[in-house]
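Student: Could we go through this model together, with the reasoning behind each label spelled out?
Tutor: Gladly; here it is.

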Protein chains: 2
Amino acid sequence: MAKVAILGFGVVGSGVAEVLTVNGAQIDSRVHSPVELKYILDVRDFPDSPFASKIIHDFSVIENDPEVNVVVETIGGAKIAKEFTQRALAAGKSVVTSNKELVAKHGYELMELAKEHGASYLYEASVGGGIPIIRPLKQCLAANEITEITGILNGTTNYILTRMIRSGLSFREALKEAQAKGYAEQDPTADVEGHDACRKICILASLAFGRHIYPEQVATEGISEVTLADVAYADSCGRKVKLLGRAIHRPDGKVTAFVAPHLVAGENPLAGVEDVFNAITVKGNAIGDVMFYGRGAGKLPTASAVVADVMEAARSMGQPKYLDWRPGGEDVTHSCDDLTGSWYVRGNAEPEALRRAFGEVSFLARSGAPAEETAILTPPMTRAELEGKYPGQTATVFRVLED
Amino acid sequence: MAKVAILGFGVVGSGVAEVLTVNGAQIDSRVHSPVELKYILDVRDFPDSPFASKIIHDFSVIENDPEVNVVVETIGGAKIAKEFTQRALAAGKSVVTSNKELVAKHGYELMELAKEHGASYLYEASVGGGIPIIRPLKQCLAANEITEITGILNGTTNYILTRMIRSGLSFREALKEAQAKGYAEQDPTADVEGHDACRKICILASLAFGRHIYPEQVATEGISEVTLADVAYADSCGRKVKLLGRAIHRPDGKVTAFVAPHLVAGENPLAGVEDVFNAITVKGNAIGDVMFYGRGAGKLPTASAVVADVMEAARSMGQPKYLDWRPGGEDVTHSCDDLTGSWYVRGNAEPEALRRAFGEVSFLARSGAPAEETAILTPPMTRAELEGKYPGQTATVFRVLED
């Protein structure tokens, strides 16, 4: 018998309560034992909610209730959420989370703490919302050497880029619309500047490559500098601007992980991922490319991933399963600076000078471009080589995703 | 310690031997115990193979060797493969298979036999090649009521359709090319007529909806009647012709499963699945739509799914996990005849007569059409309604996939 406490009755937390209730009968039958929601911790009261009677305000009630064996942490952030997670694990309770910030920053230590106390720490919902990715990645991993992970990991930025590409809205206009629709927060920094995608690629890369990779080890660039000019040039060569989180296993065993806007070829399945959808491509030495696609956020999709983990925790009571990794360190990662690839560069260098500098170079065109503007795709080179050679001032530099 | 025997040293079987060898070190470390290939059963000898010393010809050697605890069945078909699977399970050995025909026809009884003898019967590789779908489907299932599964389940037919759509080859020409490239068998019936897709949708639907669904309960239509005229008309309305396997959970609890060519809107992610790739969309009441995408066949992708199952079998020795379902029956399924939807119809009815018959109807156009040919998209209706109303002779009738 599992008794569940939810920490934080926000969008995801209330979704978890709803899924546990609406799909309760089949959840019980699939776990072969009842799964019952006992408490919901929040600072607020919700007198009109059907769950009003379960609301409590004091975490120690949960901590000290030996009946509670699964704690769902949907508070977010890495402060109070961390404290409550540690206290729940230390009390031997399994913790299920949708909190990517906490897993990306403290996943290793929390998994260690869980092990020490015979509890589970599960985080399927922290990446890709409802898309099953954490366990399938472990499953791909099983028989493969994973070489690369590439993902559209943030629904807000993908929505904004889609509106820019399809409807010609500017970044500011598209952001405003995303906020009006509830897809972007009033302070959109974490999404727009790539921090959310950064946390998610940290989690995927740590799991795939086996050691903790921290957000500060991942060079992160957002989409606030993407203009309609870039979107038009990308379109002129059959590509789309997408914000990608990438993690590449280098031959020396180190991992290069970064988040940045890329030009993605139209034939690449990632190019067709629109609106708030997410998709994650995993490349393995036997499996080739596989892709997982779905709604990367939202109340019920994310809640369904949380509840799947609650069920896993309930089923594996006493014999927890670990989807874990080893400790991090400076030796784990390597900068993306010497990663060779083709670049999209918009700037003011003259065509003749560009030809002299790069030799073979594709010129792009768009209608309404200022006379002095040029945009090109370069041959493969590193960022440093590009910057050394570019004969003028650059306005925008994006990587081109290799096919 | 797991000792493995492979039955059938064909494309997949030899891929399994290769993956077990090439990725051996990490497989052992992930299973926390050595996984060793002991025998390969085949009627042939392979004197030049690096695995020559492991080739045997007598199944009873495997059956009677108490060291062998995992048997990989990559023979195919439902005769000798069935006998060997039964004998292996009866001897308490876990069996891992890529054989969709056997699972679709006899999955229920083989899983029961496995349970009786404390062994596992695992079949991740039977659907979608290397794409992790069986376990993730179970995971989606965990917290969701699954309502629908839609998949491009056969790489051969998807390759043929892609070549027709992109390069204007006729069905015959594209088939010939697929055979030359090794994507289609010399007798292509099982692929081209939809039988392979039918077996796969049976397996997915049995797992998702909980009771065995047999191939003969699934109305199955292939792509041999698809013409370049149909491809052109589909293109004229922004759609692509795709062979889909579908399974729909009806409100009365029954399942409607069928395989047929469909017109799929360009914005649907399934429309972008090209060449030999497969994709499976799962719709759940909480999760919404998720899609799994990758190479649906091929030596190493399929082998990687088999090996992941071998590792699962090795890890869960003595406490097997079941991805199973309850027995089938006539009460499980319901015909697709009364499934309402829009239809694509190419035939010889006159525009005026079509307008009178259907009211609102979209006419499609293509260059080079014979004078008497008309092609339309109808309003939603059942197949019987369509046939009752169509004022002429139909050449082609396909469903239009709802968005």
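Tutor: Bear in mind that this is a predicted model. A place to begin is just past helix α11 of chain A, where A:Gly238 follows with a positive phi, near 70 degrees.

Student: Which residues of α11(A) are buried?

Tutor: In helix α11 (residues 228–236) of chain A, the buried residues are A:Ala229, A:Asp230, A:Val231, A:Tyr233 and A:Ala234.

Student: Let's stay with burial. Why is B:Glu312 called buried?

Tutor: The relative accessibility of B:Glu312 is 15%. Buried means under 20%, so B:Glu312 counts as buried. The residue belongs to helix α12 (residues 299–315) of chain B.

Student: What does B:Glu312 contact, leaving aside its neighbours within four places in sequence?

Tutor: B:Glu312 is in contact with B:Leu122, B:Arg135 and B:Lys321. Contact here means heavy atoms within 4.5 Å.

Student: And why does B:Thr157 count as buried?

Tutor: The same kind of reasoning applies. B:Thr157 has 1% relative accessibility, and the cut-off is under 20%, so B:Thr157 counts as buried. Its place is in helix α7 (residues 155–167) of chain B. Not counting residues up to four places away in sequence, B:Thr157 touches B:Asp191, B:Val192, B:Ile223 and B:Leu243.

Student: How far apart are B:Thr157 and B:Ser304 in space?

Tutor: From C-alpha to C-alpha, B:Thr157 and B:Ser304 are 23 Å apart, and in sequence they are 147 residues apart.

Student: Now helix packing. What makes α7(A) oblique to α8(A)?

Tutor: Two packed helices are described by the angle between their axes and the distance between the axes. Helix α7 (residues 155–167) of chain A and helix α8 (residues 171–180) of chain A pack at an angle of about 130 degrees, with axes 9 Å apart. Angles over 145 count as roughly antiparallel and those of 65 to 115 as roughly perpendicular, with the rest, outside the roughly parallel range under 35, being oblique. The angle of about 130 degrees therefore makes α7(A) oblique to α8(A). The crossing of α7(A) past α8(A) is right-handed.

Student: Which residues make that contact?

Tutor: From α7(A) come A:Tyr159, A:Ile160, A:Arg163 and A:Met164, and from α8(A) come A:Phe171, A:Ala174, A:Leu175, A:Glu177 and A:Ala178. The residues of this contact of α7(A) with α8(A) divide into seven nonpolar, no polar and two charged.

Student: On to the sheets. Why are β3 and β6 of chain A said to stand at the edges?

Tutor: In chain A, six strands form an open sheet with parallel pairing, in the order β3-β2-β1-β4-β5-β6. Strands β3 (55–56) and β6 (121–122) of chain A each have a single partner strand, so one side of each is left without a neighbour in the sheet.

Student: How do you know that β4(A) and β5(A) pair?

Tutor: Two strands pair if there are at least two bridges between them. Strand β4 (residues 68–73) of chain A is joined to strand β5 (residues 94–97) of chain A by four bridges, and the two run parallel. The count of four bridges meets the requirement of at least two, so β4(A) and β5(A) pair. A:Val70 stands opposite A:Ser94 in β5(A).

Student: How many bridges link β2(B) and β3(B)?

Tutor: Strand β2 (residues 35–41) of chain B pairs with β3(B) in the parallel sense over two bridges, and at least two is what pairing needs. B:Leu41 stands opposite B:Ile56 in β3(B).

Student: What makes β13(B) mostly covered?

Tutor: Five of the five residues in strand β13 (residues 343–347) of chain B are buried. In a regular strand the side chains alternate between the two faces of the sheet. In β13(B), B:Trp343, B:Val345 and B:Gly347 point one way, and B:Tyr344 and B:Arg346 the other way.

Student: Which strands does β13(B) run antiparallel to?

Tutor: Five bridges join β13(B) to strand β16 (residues 394–400) of chain B, with B:Gly347 opposite B:Thr394. Four bridges join β13(B) to strand β15 (residues 374–377) of chain B, where B:Arg346 stands opposite B:Ala375. Both pairings are antiparallel.

Definitions and conventions
Residues are numbered from 1 along each chain as its sequence is written. Chains are lettered from A and ligands numbered from 1 in the order in which they are written. This is a predicted model: local features need pLDDT of at least 70, side-chain atom pairs count only at pLDDT 80 or more; totals for chains, interfaces and linings use all residues. Side-chain values use heavy atoms; hydrogens and water are left out. Axes are lines fitted to C-alpha atoms, for helices over the stretch in contact, and angles run from 0 to 180 degrees between N-to-C directions. A crossing is left-handed if the near helix is turned anticlockwise from the far one by less than a right angle, and right-handed if clockwise. Ala, Val, Leu, Ile, Met, Phe, Trp, Tyr, Cys and Pro count as nonpolar, Asp, Glu, Lys and Arg as charged, and the others, Gly among them, as polar. Buried means under 20% relative accessible area, exposed over 50%, partly exposed in between (1.4 Å probe, protein chains only).
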